[in-house]
Protein chains: 2
Amino acid sequence: MLPEDNILFKGIDQSDCRRMISCFNADIKTFRTGQKIMDYSDNPDKLGVVLSGTAVMVRYDINGVRSIMESLDEQSIFGVYFTFTASQRSGIEIVAETECNVMFVKRSEITKRCEKACQCHSKVVENLLQLMSEKAISLNERIEVLSQRTIEEKLISCLSIIEEKTPNGKAPQIPFSTTALSDYLCVNRSALQREITRLKNNGVLTISKRKFKLMRNRDSDN
Amino acid sequence: MLPEDNILFKGIDQSDCRRMISCFNADIKTFRTGQKIMDYSDNPDKLGVVLSGTAVMVRYDINGVRSIMESLDEQSIFGVYFTFTASQRSGIEIVAETECNVMFVKRSEITKRCEKACQCHSKVVENLLQLMSEKAISLNERIEVLSQRTIEEKLISCLSIIEEKTPNGKAPQIPFSTTALSDYLCVNRSALQREITRLKNNGVLTISKRKFKLMRNRDSDN
DNA sequence: AAAAATCTGTTGCAATTGCAACACGGGAGG
DNA sequence: CCTCCCGTGTTGCAATTGCAACAGATTTTT
C-alpha cells in the first residue's frame, strides 16, 4: 500500500499527503518475519501504521508468559493507546508476523502546530481522534459481552451487538468461526456449542453457516 | 471547580484558558439531579467535561433495560468515545446524579486550527489524546481481567495489575469493597469471597483491610 | 485423489460457580 | 441505646461450565 493511502491521511489528497510525510519527518521501514518492530520501553512518542503485512502486539506478564493482545493487519495503528501511562508496565512489544512495511510518525509532530500551518494537519488530528474513539467503542463492546455471567448471556449479548450494527436489510453475520468465537467470549468451545444447540432447539436462535437471526421478546426460555 | 482548572486545559495558564473558553465557544451549563445532560441521538460533535457534581452514563438495551456504563465524577469527560460510530446504536444518555456543572465544547473547535493560532490549542489536543489513551488502557486492563476463565485467575490478574501500578515502597491497595470488586470482576460475591479465603489459606495472598500482598512463584496451588 | 489439519457437533463426568440463607460487625441516625 | 443498613464471611445445594474424548464434516496441503 502506498504511504499516502493510510488511514491517518484519510480524506487528504495525495500531494498534501506527500508534503505532510516530509513535514512530519515520517519514517518508513521494512521488517522481516519475527523481527521486533517496536518495544514499549523505547520511545514513548512514536506511533506506527502498518502499511503492509501483519504484526501482533504481544505482552509478557510478570511470569514471562506471552499473550497476544491484538492482531495488527494492514492499516492498523499502534503506539497510540499504550504509550503514555502504560510504559512502566510489563513488556509490550510489536512483532512482525510476516514481512511488514511500517510508517512511523512522532505524535508530537501531529499535535504541534507547524509553522506552515497546513490545513490538512488538523484533518490528521481528527482522523487520529476518530481511530481512538472507534477503538474505545470496540473495547467497550467487548467488556459489555464479557460482563455477562453465563455463556448464554454472553452469546446473546454478542449477537445483539452484531445485529445492531448490521445495516437494515442485510443478514447479520458472525465474523468468526465458532472456535474463534469461543475465544472472543472467553469460554470453552464445547460448552459454547452446547448453548448454541440449546438455543436453536428452543427457537431463540437460527444459524446457517455464519448468518444468524435472534428471536426476541419470548420471555422464559428453558 | 473553576472552568479554567479542568483536565482538558491542564498545563495551560489561566489567562490562556479564559481566552480559549471564548475561542472555543465553550458553553457552561448547570443541571439538576435527574436531568438529562446529553443524549447521543443529538449532536455528535459535542464533548462535555463535568466541572462539579456527579453524573452517570447509562445505556438502554434493545429490551429497554437500563444499565450504568460509567460513573462520571468531577473532571470526567464524556462524548469523546461514543460519538462517531456508536451514535446509531441503542440509546446512551448522560444523566445528572447530583446537581452538575458541565462545560461543553465542540470537538471540531478543538481539532481545527484557529486563525489566532493560539499555542495552547495544540496543548488541548495533546491533553485530549492523553485522556483517550488512558481510557483505552483502563478498558484494556478490564478486558485482560475479564478474559480469565476462573474467579481465582480473574482475582489474581486484577491484583497483579494493581500491584504493577503501585509505586515502589507503597502497599498495594484494592480500590473497592469486596462487594464492589465482585461487580468489577463480574462474578458472584460469595463465590469471590470463597476464593479469597482459599487463597489466604494457601498462603498465596495476604489481605488486611484493603491492603494486600501476592506471593508469586509458588507453582501448584491446591 | 489421498492425507493432514481444522472445524463442528455431542456427551459423560468433574470442577467451578451462582444462589440463597444465615450470622456477625460496624457505622449512621433516631 | 436501639435499630436499620450495609459490607463481610460461611455453607449446602443446584446449575453452569470446563475438560476430555470421539465422530463426522470441511478445508487445505501434498
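**Exercise 1. A leucine and its core**

List the residues that L8(A) touches, leaving out residues up to four places away in sequence.

*Solution.* Start with the ground rules. This is a predicted model, where local features need pLDDT of at least 70 and side-chain atom pairs count only at pLDDT 80 or more, while totals for chains, interfaces and linings use all residues; side-chain values use heavy atoms, with hydrogens and water left out. Residues are numbered from 1 along each chain as its sequence is written, and chains are lettered from A and ligands numbered from 1 in the order in which they are written.

Step 1: collect the contacts (heavy atoms within 4.5 Å). L8(A) touches L47(A), V49(A), I77(A), I110(A), V124(A), N127(A), L128(A) and L131(A).

Step 2: place L8(A) in its core. A nonpolar core is a set of buried Ala, Val, Leu, Ile, Met, Phe, Trp, Tyr and Cys residues joined through side-chain atoms within 4.5 Å; buried means under 20% relative accessible area, exposed over 50% and partly exposed in between, with a 1.4 Å probe and protein chains only. The largest such core has 60 residues, and L8(A) and L8(B) have the most contacts inside it.

Step 3: see which elements build this core. Helices (H or I, at least four residues) and strands (E, at least two) are DSSP runs, numbered from the N terminus. In chain A, α1 (14-23), β3, β8 (100-106) and α3 (119-147) each supply at least two residues; in chain B, α1 (14-23), β3 (46-52), β8 (100-106) and α3 (120-147) each do so too.

**Exercise 2. Order the strands**

Work out the strand order of the open four-stranded sheet in chain A, and find its edges.

*Solution.* Step 1: apply the pairing rule, at least two DSSP bridges between two strands. The order is β1-β8-β3-β6, with antiparallel pairing.

Step 2: look for strands that pair on one side only. These edge strands are β1 (27-31) and β6 (77-78) of chain A.

Step 3: check one pair. Strand β3 (residues 46-52) of chain A is joined to β6(A) by two bridges, and G48(A) has F78(A) as its bridge partner there.

**Exercise 3. Overview of chain A, and one glutamate**

How many helices and strands does chain A have, and which residues does E70(A) touch?

*Solution.* Step 1: count the elements. Chain A has six helices and 10 strands.

Step 2: add the chain totals. Of its 222 residues, 48% count as buried. Among contacts between residues at least 6 apart in sequence, 69% join residues at least 24 apart.

Step 3: zoom in. E70(A) is in strand β5 (residues 66-72) of chain A and touches V56(A), M57(A) and K135(A), not counting residues up to four places away in sequence. E70(A) and V56(A) are 14 residues apart in sequence and 5.9 Å apart from C-alpha to C-alpha.

**Exercise 4. A hairpin in chain B**

Describe how β9(B) and β10(B) are joined, and sort the β10(B) residues into a covered and an uncovered face.

*Solution.* Step 1: find the bridges. Four of them join strand β9 (residues 205-208) to the antiparallel β10(B); L205(B) is partnered with L214(B).

Step 2: inspect the turn. The two strands form a hairpin with two residues between them, and K209(B) in the turn has a positive phi of about 55°.

Step 3: sort the faces. In a regular strand the side chains alternate between the two faces of the sheet. In β10 (residues 211-214) of chain B, F212(B) and L214(B) form the covered face, while K211(B) and K213(B) form the uncovered one.

**Exercise 5. Protein around the DNA**

Which residues are closest to DNA strand C, and which are closest to DNA strand D?

*Solution.* Step 1: use the rule for near, a residue heavy atom within 4 Å. 17 residues surround DNA strand C, the closest being T179(A), T197(A), T150(B), I151(B) and N188(B). Another list of 17 surrounds DNA strand D, with T150(A), I151(A), N188(A), T179(B) and T197(B) closest.

Step 2: look at polar contacts (N or O pairs within 3.5 Å; within protein, one atom must be able to donate a hydrogen and the other to accept it, and residues adjacent in sequence count only if both atoms are side-chain atoms). For strand C, a phosphate oxygen is 2.9 Å from a side-chain N or O atom of T179(A), and a base oxygen is 3.4 Å from one of R194(A). For strand D, a phosphate oxygen is 2.7 Å from a side-chain N or O atom of T179(B), and a base oxygen is 3.4 Å from a polar side-chain atom of R194(B).

Step 3: name the main contributors. α6(A) gives the most to the surface near strand C, with five residues; α6(B) gives the most to the surface near strand D, with five residues.
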